[in-house]
Amino acid sequence: MLSMYSLDAILEFGNLLSRLKMADFNISIFLFMFVLLTLLENKIPWKKCPDQVSRNSYKSNLGLYLINSIVLSIFSVSALMEIAGHYSTSWFSNHFSPATEMILSFLLFDLSLYFWHRLSHKYEFLWQFHRIHHSDLSMNVSTAFRVHLFDHLTMAITKAVYIALFGFAKEAVLMNEIISTLFLMFHHGNVAFKGEKILGNLIIVPYLHRLHHSTNRQEHDMNYGAVLSIWDRLFGTFSDAEPKKLGIEETIPQDFLGLIRAGFFGETAPSIQEINRHALETMIAEAAYYKAEKRNFSPGNEIKDWLDAKQEIIKQVYGEKSLHSPKKSGSQTAYSKQQICC
């Protein structure tokens, strides 16, 4: 996820570097990264989603970012910098070189985000808000902005506690914000490229975080890391499996105001009650074609593809009733059914 800190952090970082006579720093790096990933999603997508779904995703996610920026401006990067200025100590500077202090601050920052993220999945009260981030029907770079107000608040508090507890210098705090912001945008991108698995040995790349957005409970409770993948490997939450479907199977409104209400009140969108036979057969045919395409259209499984597709579509349309409570209990998540496009 990406908090409202992104652009604010980059602007603040630009001001800091200017004071250090580094005028060549380009404060447009945030917009450049966003545009670059958007272009790459069109050139090397992991999976193509319908244009309308993608447009709605971008609209809702950026709307949430704007609301968070306005309502929670008190928790801007400037505020975190004030906290850093108040609590920063000379202990690390006295015992380590500036470079070592920067590395230690980053490792502890990334570890803090890992545990915040893991707790957001473990506890039902926190998951009610965090699930909004997971409800995107089209995972893309803008999904990083899909953060509920309360989810953003808990993340800001986590960062403030980290700053007050360890007392790192302002420069280290600001650098951590920049790095995490760029990586959060990167691993939410709908891209696939050679070398991902090699990079995944060290950092969280799109194919690893994609599993975290799986509809399967056991899969989306894996790969919590923000930047480094070592925390997941160390604490037993790492997986390089391929998700079958992304999103959550709870029917949540997709407009940004509906997403805010859904977090506070557990609101769900109306479930599909009726569908005409022609539309149902079309959906089954499309699903069967997709199954055949995955096995390179090798002959001999046409009937099985059709029957499997029919069973899945009927279950999605007429199966379990929508559950209006997003509770997680035991090893299963209480979700209602909803088809996710990608």
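## Notebook: a first pass through the model

I began with the contacts of the protein, and I noted that, among those with a separation of 6 or more, 74% are between residues 24 or more positions apart. I keep in mind throughout that this is a predicted model.

**Entry on the overall make-up.** I looked up the secondary structure next and found 16 helices and two strands in the protein. I then turned to burial, where 49% of the 342 residues count as buried. For the surface I wrote down an exposed area of about 17000 Å², of which carbon and sulfur atoms supply 64%.

**Entry on confidence.** I checked how far the model can be read residue by residue, and I found an average pLDDT of 78 for the protein, with 69% of the residues scoring at least 70. Where is confidence lowest, and where is it highest? I found the lowest mean, 36, in strand 2, which covers residues 332–333, and the highest, 97, in helix 13, which covers residues 230–234. I also marked residues 269–275, where the pLDDT is below 50 and where the model has eleven contacts beyond near neighbours in sequence. Residues 329–340 likewise have a pLDDT below 50, and for this stretch I noted 48 contacts beyond near neighbours in sequence.

**Entry on salt bridges.** In general, side chains of opposite charge can pair when their charged atoms come close. I counted five salt bridges here, and I followed three of them, as set out below.

I started with Arg-131 and Glu-250, which form a salt bridge whose closest N and O atoms are 2.9 Å apart. This pair links distant parts of the chain, with Arg-131 in helix 7 (residues 124–134) and Glu-250 in the loop between helix 13 and helix 14 (256–265), 119 residues apart. Are these two partners buried or exposed? Arg-131 counts as buried because its relative accessibility is 0%, and Glu-250 is buried as well, with a relative accessible area of 2%.

I went on to Glu-177 and Lys-159, a salt bridge in which the closest N and O atoms are 3.2 Å apart. Glu-177 lies in helix 9 (residues 170–188) and Lys-159 in helix 8 (residues 149–166), so this pair ties together parts that are 18 residues apart in sequence. I found both Glu-177 and Lys-159 to be buried.

I then looked up Glu-249, which forms a salt bridge with Lys-245 at 3.1 Å between the closest N and O atoms. Glu-249 is buried, with a relative accessible area of 12%, while Lys-245 counts as buried at 17% relative accessibility, because buried means under 20%.

**Entry on helix 7.** Having met this helix through Arg-131, I asked myself why helix 7 can be called largely enclosed by the rest of the structure. The reason I wrote down is that eight of its eleven residues are buried. The buried residues in helix 7 are Trp-127, Gln-128, Phe-129, His-130, Arg-131, Ile-132, His-133 and His-134.

**Entry on two buried residues in other helices.** I looked at Ser-60, which is found in helix 3 and counts as buried at 4% relative accessibility. Which residues does Ser-60 touch, leaving aside those up to four places away in sequence? I listed Arg-146, Gln-254, Asp-255, Phe-256 and Leu-259.

I also looked up Ile-163, which is found in helix 8 and counts as buried at 2% relative accessibility. Ile-163 and Val-173 are ten residues apart in sequence, and I noted a distance of 7.5 Å from C-alpha to C-alpha.

**Entry on the surface.** I found a nonpolar patch on the surface formed by Phe-32, Leu-36, Leu-40 and Ile-44, which together have about 320 Å² of accessible area. Of this patch I placed Ile-44 in the loop between helix 2 (29–43) and helix 3 (51–71), and I noted that Ile-44 is partly exposed, with a relative accessible area of 32%.

My last stop was Gly-195, which lies in the loop between helix 9 and helix 10 (196–199) and is partly exposed, with a relative accessible area of 32%. Gly-195 and Val-205 are ten residues apart along the chain, and I recorded 10.0 Å between their C-alpha atoms.

Definitions and conventions: Residues are numbered from 1 along each chain as its sequence is written. This is a predicted model: local features need pLDDT of at least 70, side-chain atom pairs count only at pLDDT 80 or more; totals for chains, interfaces and linings use all residues. Side-chain values use heavy atoms; hydrogens and water are left out. Patches are made of residues with over 30% relative accessible area and no salt bridge: like charges are joined within 9 Å, nonpolar side chains (Val, Leu, Ile, Met, Phe, Trp, Tyr) within 5 Å. Accessible areas come from the Shrake-Rupley method with a 1.4 Å probe; for residues, only the protein chains shown count as cover. A salt bridge is a side-chain nitrogen of Lys or Arg within 4 Å of a carboxyl oxygen of Asp or Glu. Helices (H or I, at least four residues) and strands (E, at least two) are DSSP runs, numbered from the N terminus. Buried means under 20% relative accessible area, exposed over 50%, partly exposed in between (1.4 Å probe, protein chains only). pLDDT is the predictor's confidence in each residue, from 0 to 100. Contact means heavy atoms within 4.5 Å.
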